[in-house]
Amino acid sequence: HPSTVPFALLPTGTLQFAAPELLDADNMRPAEGVTFGGFFQGVVAPVPLVTDAFSLGITVRYLLTGAPPDCPDVDEFVSNYRKSPARRLRAALLGPCGGGSGDGAYRVRASSELPKAAVDFVMQLTHPKYDKRLTISDAGAHPWMALPNGGEAVP
């Protein structure tokens, strides 16, 4: 069960990687004497420790799929990207220099192209309800992480 830090913390980070509980205005309260900037300027919030698990999940999703953190539908993003004239132009300009594929170093993958265990790992880390989210300590025991070489390879 996710634990909650017994004191208020100043949320920091990039908005697109922030867990839903950090964005809940009802959870925030004014911070007295806080001078840090950013999108959370002047507020503190009691946050569960699994808040960082959400950010980790968004980061892993980005690394696996190429879809930006604020993209709600990875498969739609991948489909649109693959049809994009800009992608074809980029591939023509970079050629094999960007990673040997002719598409540069930037590669996108739909969820269906990933191992099911990898998709499950990301889904569990990014569950919108923090009390149902995979904790950081449990993440290492997830089947995708626990198998030799991280389980099934990602193409």
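Let me start with salt bridges, of which the count here comes to one, and I should say at once that we are looking at a predicted model. The bridge is formed by the side chains of Arg82 and Glu113, which meet at 2.8 Å, N to O. Since Arg82 belongs to helix H3 and Glu113 to the loop between helix H4 (85-94) and H5, the pair ties together parts that are 31 residues apart in sequence. As general background, side chains of opposite charge can pair when their charged atoms come close. Are the two partners buried or exposed, or somewhere in between? Arg82 has a relative accessible area of 35%, so it is classed as partly exposed, and Glu113, with 30%, is partly exposed as well.

Staying with helix H3, let me turn to its start, where a side-chain oxygen of Asp73 reaches to within 3.2 Å of the backbone nitrogen of Asp75. Further along, the buried residues of H3 are Val74, Val78 and Tyr81. When one looks down the axis of H3, these buried residues fall within an arc of 65°, and therefore they line one face of the helix.

The next topic is the aromatic residues, where the count comes to two pairs. One of them is Phe77 with Tyr81, a stacked pair with 6.2 Å from centre to centre and 20° between the planes. These two residues are four apart in helix H3, which spans residues 74-83, so about one helical turn separates Phe77 from Tyr81. Their accessibility falls on either side of the 20% limit for a buried residue: Phe77, at 22%, counts as partly exposed, whereas Tyr81, at 15%, counts as buried.

The other pair is Phe121 with Trp144, whose ring centres are 5.7 Å apart and whose planes stand at 45°, so this pair is tilted. Here the partners come from distant parts of the chain, with Phe121 in helix H5 and Trp144 in helix H7 (residues 143-146), 23 residues apart. Both Phe121 and Trp144 are buried.

That brings me to the nonpolar cores. Which residues make up the largest nonpolar core? There are 12 in all, namely Val50, Ala53, Val60, Leu64, Leu114, Ala118, Phe121, Val122, Leu125, Leu134, Ala139 and Trp144. The elements that contribute two or more residues to this core are helix H2 (51-65) and H5, and it is H5 that supplies the largest share, four residues. Val122, as one member of the core, touches Gly57, Val60, Arg61 and Leu64 when residues up to four places away in sequence are not counted. Apart from this core lies another, of seven residues, among them Ala67, Val78, Val108 and Ala110; Val78 will be familiar as one of the buried residues of H3.

Let me look at one further core residue, Ala139, which has its place in helix H6 and which, at 6% relative accessibility, counts as buried. Leaving aside its neighbours within four places in sequence, Ala139 is in contact with Phe121, Leu125, Leu134 and Met145. For Ala139 and Phe121, the separation in sequence is 18 residues, while their C-alpha atoms are 7.7 Å apart in space.

Finally, I would like to consider two threonines. Where does Thr126 lie? Thr126 is found in the loop between helix H5 (116-125) and helix H6 (136-139), and with a relative accessible area of 16% it is buried. The side chain of Thr126 reaches the backbone oxygen of Val122 at 2.8 Å, Val122 being the core residue I described a moment ago. Not counting residues up to four places away in sequence, Thr126 touches Phe54, Gly57 and Ile58, and Gly57 also appears among the residues that Val122 touches.

The second threonine, Thr135, likewise lies in the loop between H5 and H6. Thr135 has a relative accessibility of 14%, so it counts as buried, and its side chain is joined to that of Ser137 by a polar contact of 3.3 Å.

Conventions
Residues numbered from 1 in each chain as written. Predicted model: local features only at pLDDT ≥ 70, side-chain atom pairs only at ≥ 80, totals over all residues. Heavy atoms only, no water. Buried < 20%, exposed > 50% of the residue type's maximum accessible area, 1.4 Å probe, protein only. Polar contact = N/O pair within 3.5 Å; in protein donor to acceptor, adjacent residues only side chain to side chain. Contact = heavy atoms within 4.5 Å. Phe/Tyr/Trp six-rings, centres within 6.5 Å; stacked < 30°, edge-to-face > 60°. Core = buried A, V, L, I, M, F, W, Y, C linked by side-chain atoms within 4.5 Å. Salt bridge = Lys/Arg side-chain N within 4 Å of Asp/Glu carboxyl O. Arc of directions from axis to C-beta.
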